[in-house]
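Take a walk through this structure with the coordinates open. The route goes from a charged surface patch to the salt bridges and ends among the strands.

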Amino acid sequence: MLLPRFRHLLFAIVIGGYCSVLPAAGQSLQQASYAQAQADSGQQIYLSECALCHLANLQGSFEAIALNDTNFKNRWANRGVDDLMNLLQRTMPPQAPGSLSEDQYLAVIAYLLSANDIPAGNSLIANSGTIVFLDQNSIGSNDEAPRIPVPGRAGNMPSPGTRNAVPEIATIYQSDGARTRLFRPTIGFQNVSTEELSSPDAADWTYWRRAPQSQGYTPLNQINRDNVAQLSLAWVWGMEPGRSQPAPLVRNGIIYLPNFGNVVQALDGRDGTLLWEYRRQFPADGRQGGLLRTLAMWEDMIYVATTDAHLVALDARTGAVRWDVEIADEAKGYSNTSGPIVADGKVINGIAGCGRFYADSCFITGHDALSGEELWRTYTVAQPGDAGDETWGGLPVEYRGGGDVWLTGSWDPDLELVFFGVAQAKPWMAASRGLTTDDAALYSNSTLAIDPDNGRIVWHRQHVPGESLDMDEAFEQVLIDLFDEPFLFTIGKSGILWKLDRRDGEFQGLQQTVFQNVFSEINLETGQVRYREDIRNMQVGEWLSVCPSTAGGHNWQSTSYHPPTQLLVIPLSQSCMEMSPREVSFEVGSGGNQGDRMWMEMPGTDGQFGKLAAYDVVTMDERWSVEQRAPFLTAALSTAGGVLFIGDYDRYVHAFDVATGEELWKTRLATSAQGFPVSYAIDGEQYVAIPAGREGGSPWRIGSFLAPELISPNNHNALYVFKLNP
């Protein structure tokens, strides 16, 4: 059983013996005071983090001693609050020292003072020189000079600087919003130029899908069809608990790994040794971390888009913060779920969390990569007076919700364009928005081609106008050149694979990858779609039956393009749902998703929820497919060795022959395989890294709701790294 973050926190305080120097004879001692609000806040922290071991009444159990008895008071009589704060910040919680804010530590101390009958008064502050418990009669009080022990003479205090606690071995970099611990230098790291970023070395993985084209393909071929069965575990690294779909980066054998809670870790790719760790720190009354899916890299910096709507640049060698800028007001719900991309020295990021009604709207921003300065802001919701304004049915801009950009984009260095998918309008269903499906609601459910220099939308393609079933088209934009012509492939929850000319967005073709019944008309010449009649006429409170469900079709589990075979391999999901729109109050700050859903099997699939299929990008024909009970919950990774790696809800990692779909190898992890696999090389040896993780919206619910017999243990987030047997 996992114990709370504060397990042994106060036990360590009591028995640990961090050594404070007692005041000199005659020096006055002052009892610490606190504000009642601090103690109330501290009580909540205690109950959620400490009470499992120390009990709600502070009486303690087993090794977790009582925190409101005479022993506790005696131990901390005439000892400084600053000493206690110092101990907590350096050593607690044991697995993440210093990860709480100073205010949170002070609040816990305030609650302990209150629980030990110290009256409230002025606020407890750090570096005040006050003491925890005033006791004029204790050893070492005003009338006795401090005396340390030496052989042959007992002392009344331990030697200064000694302690029975975990020593801090890292170099600490503290900023306003984060704390970084550097354990050892990242030897061998070389800056990543714009040229290298646009065409990375085969040994590296410097974009979220290795290269700016987002193909999820590695040119490494040491691991191939003939020897993949000889893969074995090289090492494994345990990750932070929580919702986890990480996409690591790799440069010069160093892995940069995003974790839940806005933690970024640098690991030695040979053996998993931790090099440095960045931890975002959040205000006690704010959002406490969240999903961190992707990162970006350029020169000597790692770029992180945080849960609290900031964009941060870290030193790639140390993890220290280079700059930190606020993009949006997180109090309004704005956030980031995925990271930015870098294109021509500009960091480009799409904001998420835009479901509430505010005039701010959703947007994509471009930033100077060296300073973080915002260079431009492009709204993904059409603004009054601009092109597309009329597609919102006369709704004032403050009621135009949605347009989130919650997955990372792609970059074409030759065309000098970046491409992002934009999610659906919100509330989810047109009836809840006070609109109809004929109101297109630009630029929702669109692919945007943007000039990275100024943010201008060069072209857009709205795949499903007036989208009303939470089936957004906001996923990976895969850039593929065929016969010297540039194309863009993307697929959304409807399961329709779209093929566009990426110079102008002109429709080039489509393919339906799973059964769907939401569109009564699909024009194969133009790509235009039309909802069936009951969806077009939906009313609040009515229930609609549709396929696929909001798990997809396709979702965030990205495709992989294999150039040698010209196959695009797509993780798909086969389920259906019933959905109903709710009534919405049109007032600023309201909004949200406002839809109810129920999931069920897709007809004709015999409960096979997971599908993996390969499509010829020239003809758009399906070449092979694999179906199974467990949903696929990782992106696909293809290699020059002809192998396709993917993982699933049932904890399996599979290796398929990318040309035929034949399974060549599989292994099982501690929990569900989830996230974005990568491959890299060190000294000519190829590695494959597969993340294991938990939770993740509709794709996760298909396994947990519809296939509950597939047991996936809680926690156990980790990165598993494989290589060939020697």
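Is Asp 344 buried, partly exposed or exposed? The model is predicted. In it, Asp 344 has a relative accessible area of 35%. That makes Asp 344 partly exposed, because the class runs between under 20% for buried and over 50% for exposed. The residue sits in the loop between strand E13 (341-343) and strand E14 (346-350). Asp 344 also belongs to a negative surface patch. Its partners there are Glu 195, Asp 414 and Glu 416.

Now turn to the salt bridges. The whole structure holds 33 of them. One joins Arg 251 to Glu 196, with the closest N and O atoms 3.2 Å apart. This pair links distant parts of the chain. Arg 251 is in strand E5 (residues 249-251), while Glu 196 is in helix H7 (residues 194-198). The two are 55 residues apart. How do the two ends sit with respect to the surface? Arg 251 has 4% relative accessibility and counts as buried. Glu 196 has a relative accessible area of 32% and is partly exposed.

A second salt bridge brings together the side chains of Arg 225 and Asp 657, at 3.0 Å from N to O. Which parts of the chain does this pair tie together? Arg 225 lies in the loop between strand E3 (217-218) and strand E4 (231-238). Asp 657 lies in strand E38 (residues 652-657). The pair therefore ties together parts that are 432 residues apart in sequence. Here the arginine is partly exposed: Arg 225 has 35% relative accessibility. Asp 657, at 9%, counts as buried.

A third example is the bridge between Arg 322 and Asp 315. Their closest N and O atoms are 3.1 Å apart. Arg 322 is partly exposed at 40% relative accessibility. Asp 315 is buried, with a relative accessible area of 15%. The contact is part of a network of salt bridges that links Asp 300, Asp 315, Arg 317 and Arg 322.

Next come the strands. Why is strand E23 (residues 478-482) described as largely enclosed by the rest of the structure? Four of its five residues are buried, so the description follows. E23 pairs with strand E24 (residues 485-491) in the antiparallel sense, over five bridges. Within this pairing, Val 478 has Phe 489 of E24 as its bridge partner. The hairpin of E23 and E24 has two residues between the strands. Phe 483 takes a positive phi there, near 55°.

Another hairpin follows further along the chain. Strand E27 (residues 519-522) and strand E28 (residues 529-531) also pair in the antiparallel sense, over three bridges. Ile 522 stands opposite Val 529 in E28. This hairpin has six residues between the strands. Which residue of the hairpin takes a positive phi near 80°? That residue is Gly 527.

The last stop is Met 538. This residue is found in the loop between helix H9 (533-536) and strand E29 (544-546). Met 538 counts as buried, because its relative accessibility is 6% and the cut-off for buried is under 20%. From Met 538 to Asp 616 the distance is 37 Å, C-alpha to C-alpha. In sequence the two residues are 78 apart.

Notes:
Residues are numbered from 1 along each chain as its sequence is written. This is a predicted model: local features need pLDDT of at least 70, side-chain atom pairs count only at pLDDT 80 or more; totals for chains, interfaces and linings use all residues. Side-chain values use heavy atoms; hydrogens and water are left out. Two strands pair if DSSP finds at least two bridges between them. Patches are made of residues with over 30% relative accessible area and no salt bridge: like charges are joined within 9 Å, nonpolar side chains (Val, Leu, Ile, Met, Phe, Trp, Tyr) within 5 Å. Accessible areas come from the Shrake-Rupley method with a 1.4 Å probe; for residues, only the protein chains shown count as cover. A salt bridge is a side-chain nitrogen of Lys or Arg within 4 Å of a carboxyl oxygen of Asp or Glu. Lys and Arg count as positive and Asp and Glu as negative; His and the chain ends are not counted. The place of a charge is taken as NZ of Lys, CZ of Arg, CG of Asp or CD of Glu. Buried means under 20% relative accessible area, exposed over 50%, partly exposed in between (1.4 Å probe, protein chains only).
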